[in-house]
Amino acid sequence: MPYATAADHSKIHYDVQGSGEPLLLLAGQANDRTWWDGVRPALNAAFRTVAPDHLGTGGSEAPEGAEYSTRRFAADAVAVLDDLGVERAHVYGTSMGGKAAQWLAADHPGRVGALVLGCTSPGGVNAVNPSPAIARALGSPDREAALRTLIGLMFTPEWTERHPGPYRVLGDAGMPPHARRAHLAASRAHDAWEALARITAPTLVLHGSDDAFTPAANAALIAGRIPGARVHLVEGARHAYFEERADEAARAVLDHLRRHPLVQGR
C-alpha cells in the first residue's frame with residue numbers, strides 16, 4: 001500500500017485509480033477514502049483519482065497528541081501529491097474534506113488545477129451552522145437514535161427506503177476514539193473566511209439544497225468569497241448529495257473539470 005510521509009513523519013495512506021489528469025479526492029470528517037466508493041467509477045473513467053485516508057482514518061496512522069486540523073489535512077494532501085510526483089492536480093473535497101480543500105487551494109495555489117467544494121462551510125463566525133437540535137440529536141447517548149439522525153441528515157427518506165444500507169458515509173468504524181474526537185474538533189475549529197479570497201483556482205461549489213447538516217446557505221457564502229466561483233445546487237438533496245444524486249453530481253463535477261484542463265489547449 002502506498003504511503004506519503006507528513007511533516008510530522010506520520011504515514012498517510014492513499015490509493016490511486018483510473019487514468020487521465022490527476023484528481024485528488026478529500027473525504028468528510030471521520031471518514032476514510034471509502035467515502036468515495038460510490039462516486040469513483042464515474043470519475044475514474046475520465047481522471048486518475050487519488051484518495052487519501054485522513055490522519056486517524058483507514059490505513060493512515062493515528063498518533064495521539066498530533067495536530068489534527070483542516071489546514072494540516074491540506075498539508076498532508078500535498079505530501080501525497082509529492083509522493084506521487086504530481087505537481088498539479090484537480091481537487092474535489094466534500095464536507096470536512098471541502099474545508100481541507102479550501103486551505104489546499106489558498107495555501108498551495110500552484111498545486112491546484114480546478115477546485116470543487118461540496119457540502120462544506122467556510123467556518124468561523126460567518127458560517128451558517130446547523131441547528132442546536134441537530135447537535136443534541138447526534139450527541140444522544142442512544143447510539144441507535146443518533147445513527148438514525150445521521151442517516152436522515154445524509155439522505156432523503158425516499159432514498160433510504162430503496163437503499164437500506166449499509167452506508168459508506170457514516171464514519172470509519174475502525175477509528176480510535178481520540179482520533180474521532182480530534183476530527184470533530186478540527187472541523188469545528190475551521191475558519192478559512194479570509195483565506196477564501198486568495199483562491200485563484202476555477203471553483204465550483206456544490207451543495208444539496210435540503211442539507212441541514214451543513215446548511216446550503218454556506219454555498220453562496222463560499223462562492224461570494226472566491227473570485228469567479230460558481231454554485232450548483234442539487235435540488236432536494238441532503239448532505240450526501242454526491243451519493244444519492246450521483247449522476248447529476250458527477251456530471252457537474254466532470255463538466256467543470258473538463259472546462260479547466262491542467263494542460264491548456266487540450
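1. Let's start with a small enclosed space: helix α2 gives the largest share of the lining of the largest cavity, three residues. Please keep in mind, for this point and those below, that you are looking at a predicted model. The residues lining this cavity are I12, L26, P52, D53, H54, L55, F73, D76 and A77. By class they divide into six nonpolar, one polar and two charged.

2. How much space does the largest cavity hold? Its volume is about 60 Å³. If you go looking for others, the structure holds one cavity of 30 Å³ or more. As background, rolling a probe the size of a water molecule over the atoms shows where empty space is left.

3. Helix α2 (residues 70–84) is also worth viewing beside helix α3 (residues 96–107): their axes come within 8 Å and cross at roughly 70 degrees. Angles of 65 to 115 degrees count as roughly perpendicular, so α2 is roughly perpendicular to α3. The crossing of these two helices is right-handed.

4. Which residues make that contact? From α2 they are T70, R71, F73, A74, A77 and V78, and from α3 they are M96, K99, A100, W103, L104 and D107. Sorted by class, the contact residues of α2 and α3 comprise eight nonpolar, one polar and three charged. Two of the α2 names may look familiar: F73 and A77 take part in this contact, and F73 and A77 also line the largest cavity.

5. Now for the open space. The largest pocket contains about 1200 Å³. It is lined by 39 residues, and those closest to its centre are Q29, L138, L184, R188 and F213. Helices α3, α4 (132–138), α5 (143–154) and α7 (177–189) are the elements that each give two or more residues to this lining. Helix α3 therefore turns up twice in this note, in the contact with α2 and in the lining of the largest pocket.

6. What is the mix of residue classes around the largest pocket? Its lining has 18 nonpolar, 16 polar and five charged residues.

7. Two spots in the backbone deserve a look. Most residues other than glycine have a negative phi, and most peptide bonds are trans. H9, which is not a glycine, has a positive phi of about 75 degrees. You will find H9 in the loop between β1 (3–5) and β2 (11–18).

8. The other spot is the peptide bond joining G165 and P166, which is cis, with omega at about 5 degrees. P166 sits in the loop between α6 (157–162) and α7.

How values were computed:
Residues are numbered from 1 along each chain as its sequence is written. This is a predicted model: local features need pLDDT of at least 70, side-chain atom pairs count only at pLDDT 80 or more; totals for chains, interfaces and linings use all residues. Side-chain values use heavy atoms; hydrogens and water are left out. Axes are lines fitted to C-alpha atoms, for helices over the stretch in contact, and angles run from 0 to 180 degrees between N-to-C directions. Helices (H or I, at least four residues) and strands (E, at least two) are DSSP runs, numbered from the N terminus. Angles under 35 degrees count as roughly parallel, over 145 as roughly antiparallel, 65 to 115 as roughly perpendicular and the rest as oblique. A crossing is left-handed if the near helix is turned anticlockwise from the far one by less than a right angle, and right-handed if clockwise. Contact means heavy atoms within 4.5 Å. Ala, Val, Leu, Ile, Met, Phe, Trp, Tyr, Cys and Pro count as nonpolar, Asp, Glu, Lys and Arg as charged, and the others, Gly among them, as polar. On a 1 Å grid over the protein atoms alone, a cavity is a set of points where a 1.4 Å probe fits but cannot get out, and a pocket is an open set with protein on both sides within 12 Å along at least five of seven lines; lining residues have an atom within 4 Å of a point. Grid points are joined across faces, edges and corners, and a volume is the space filled by probe spheres set on the points.
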